[in-house]
Amino acid sequence: MDRKQFPTANRSCCTPGRIVPSEDALGVQQEHITCSTHTTDMLFLNGGRFLMGTDYPFSFPDDGEGPVRSVEVNPFHIDPYPVTNAQFAQFVRATRYRTDAERFGWSFVFWMHLPSDRFEALVADTVAAAPWWCQVPDADWSHPEGPGSSVEDRLNHPVVHVSWNDAVAYAIWVGKTLPTETQWEFAARGGLEQKLYPWGDELTPNGRHVCNIWQGEFPRLNTMEDGFSGTCPVDAFPPNGYGLYSAAGNVWEWCADWFTTDVAVRQGINPIGASTGTTKVMKGGSFLCHASYCNRYRVAARTSNTPDSSTSNIGFRCAALA
Ligand SMILES: [Cu+2]
């Protein structure tokens, strides 16, 4: 196999991205996609007007989390959980879909999750600005730590190593869409107004961990006080007021929108972000986020990555029109 290495970029502390020379761009793959009508239990949300974004002082000005603005969203459906490995396996079985990670032949894996005795053999390169991110040949959704690994013991964990393109392909197959950032944030807020997290303002209410993020010293020591180092089952922690699970931490979730910090296209009624761009919005933070360097597990937090990038901490959930 052609083990071509691409230069990489660290787009925020949490997710590195591929830099693909245009002659190597793979384009969007559509030939294997057929629509089916899966009826799963989606949450129906009434929508309405809510305060989106934050003016929280300890956020990231370049991310465009603010200003707080009044936004209206139409009624919609959204999955209560991120798409799991079991669900993604059904899709691949039915369509023989090949993910971007498989087509490029590699994906980004967080260093600590690679077996130390095989580290040198598995890793082709690391990201200069974020050496904890390893470029691992043949890492993909069903081999999350590269050859020799599998998802058999984590079928109810969110699928990872899926690009935005892959997420859209899955969504089309199940007759759904990706949520807009507005829908995602509306759902994640769970009916609470301007709270930091989907459950309120306290990170650990009554001293209990209620989401899967990093404890300890990033990136060397994860004390796993929340019980997990990498991904966790999608229902490991309680849902928010709307019944949405895993909205904070666990994995970043792709949204439909092109990323922009321009507030003009992120307010009003059903905003969908920029009309074009280079990176797609992601929400929710991941198991790598930690207050000391990246408190992006807050509900208003956002970051982005290129549509063909994949990592061990990016997944997605689907939405649908009401
Ligand atoms: Cu983070």
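Just after helix α5, Gly190 takes a positive phi of about 60°. The helix before Gly190, α5, spans residues 181–189 and is mostly covered, with 9 of its 9 residues buried. The model described here is predicted. The points below begin with the helices and continue with the strands, the loops and the enclosed space.

**Helix α5**

- The buried residues of α5 are Glu181, Thr182, Gln183, Trp184, Glu185, Phe186, Ala187, Ala188 and Arg189.
- Two of these buried residues, Glu181 and Thr182, also take part in the lining of the second largest cavity.

**Helix α1**

- Helix α1 runs over residues 85–95, and its buried residues are Asn85, Phe88, Ala89, Phe91, Val92 and Thr95.
- These buried residues lie on the same side of α1, because they cover an arc of only 160° around the axis.
- The face turned away from that buried side carries the exposed residues Arg93 and Ala94.
- The partner against which the buried residues of α1 pack is α4, residues 164–173.
- Arg96 follows α1 and has a positive phi, near 55°.

**Strand β5 and its partners**

- In a regular strand, side chains alternate between the two faces of the sheet.
- Strand β5 has a covered face formed by Arg69, Val71 and Val73, and an uncovered face formed by Ser70 and Glu72.
- Strands β4 and β5 run antiparallel and are joined by 5 bridges.
- Within this pairing, Gly48 has Val73 of β5 as its bridge partner.
- Strand β5 also pairs with β13 (residues 268–269), here in the parallel sense and over 2 bridges.
- In the pairing with β13, Val71 stands opposite Gly268.
- Both Val71 and Val73 belong to the covered face of β5.

**The open sheet of four strands**

- An open sheet of 4 strands follows the order β15-β14-β12-β16, and its pairing is mixed.
- Strands β15 (302–305) and β16 (314–315) stand at the edges with a single partner strand each, so one side of each is left without a neighbour in the sheet.
- Strand β14, residues 280–283, runs antiparallel to β15 and is joined to β15 by 4 bridges.
- One of the pairs across these strands is Val281 with its bridge partner Ser304 in β15.

**A buried residue between β14 and β15**

- Asn295 is found in the loop between β14 and β15.
- Asn295 counts as buried because its relative accessibility is 10%, and the cut-off for a buried residue is under 20%.
- Leaving aside residues up to four places away in sequence, Asn295 touches Tyr56, Phe58, Phe60 and His290.

**Backbone features in the loops**

- Most residues other than glycine have a negative phi, and most peptide bonds are trans.
- A cis peptide bond joins Gly66 and Pro67, with omega about -5°.
- Pro67 has its place in the loop between β4 (48–52) and β5 (69–73).
- A cis peptide bond also leads from Phe218 to Pro219, with omega near 0°.
- Pro219 has its place in the loop between β10 (216–217) and β11 (221–222).
- His161 is not a glycine, yet its phi is positive, about 60°.
- The place of His161 is in the loop between β9 (130–137) and α4, and His161 is buried, with a relative accessible area of 0%.
- Asn250, a residue other than glycine, has a positive phi near 65°.
- Asn250 is found in the loop between β11 and β12 (252–258), and this residue counts as buried at 1% relative accessibility.

**Enclosed space**

- Rolling a probe the size of a water molecule over the atoms shows where empty space is left.
- The structure holds 2 cavities of 30 Å³ or more.
- The second largest cavity has a volume of about 40 Å³.
- Its lining consists of Met52, Glu181, Thr182, Asp257, Val265, Arg266, Pro271, Ile272 and Gly273.
- By class, the lining of the second largest cavity has 4 nonpolar, 2 polar and 3 charged residues.

Conventions: Residues numbered from 1 in each chain as written. Predicted model: local features only at pLDDT ≥ 70, side-chain atom pairs only at ≥ 80, totals over all residues. Heavy atoms only, no water. 1 Å grid on protein atoms, 1.4 Å probe; cavity = no way out; pocket = protein on both sides within 12 Å on 5 of 7 lines; lining within 4 Å. Points joined across faces, edges and corners; volume = space filled by probe spheres on them. Nonpolar A, V, L, I, M, F, W, Y, C, P; charged D, E, K, R; others polar. Buried < 20%, exposed > 50% of the residue type's maximum accessible area, 1.4 Å probe, protein only. Arc of directions from axis to C-beta. Contact = heavy atoms within 4.5 Å. Pairing = 2+ DSSP bridges.
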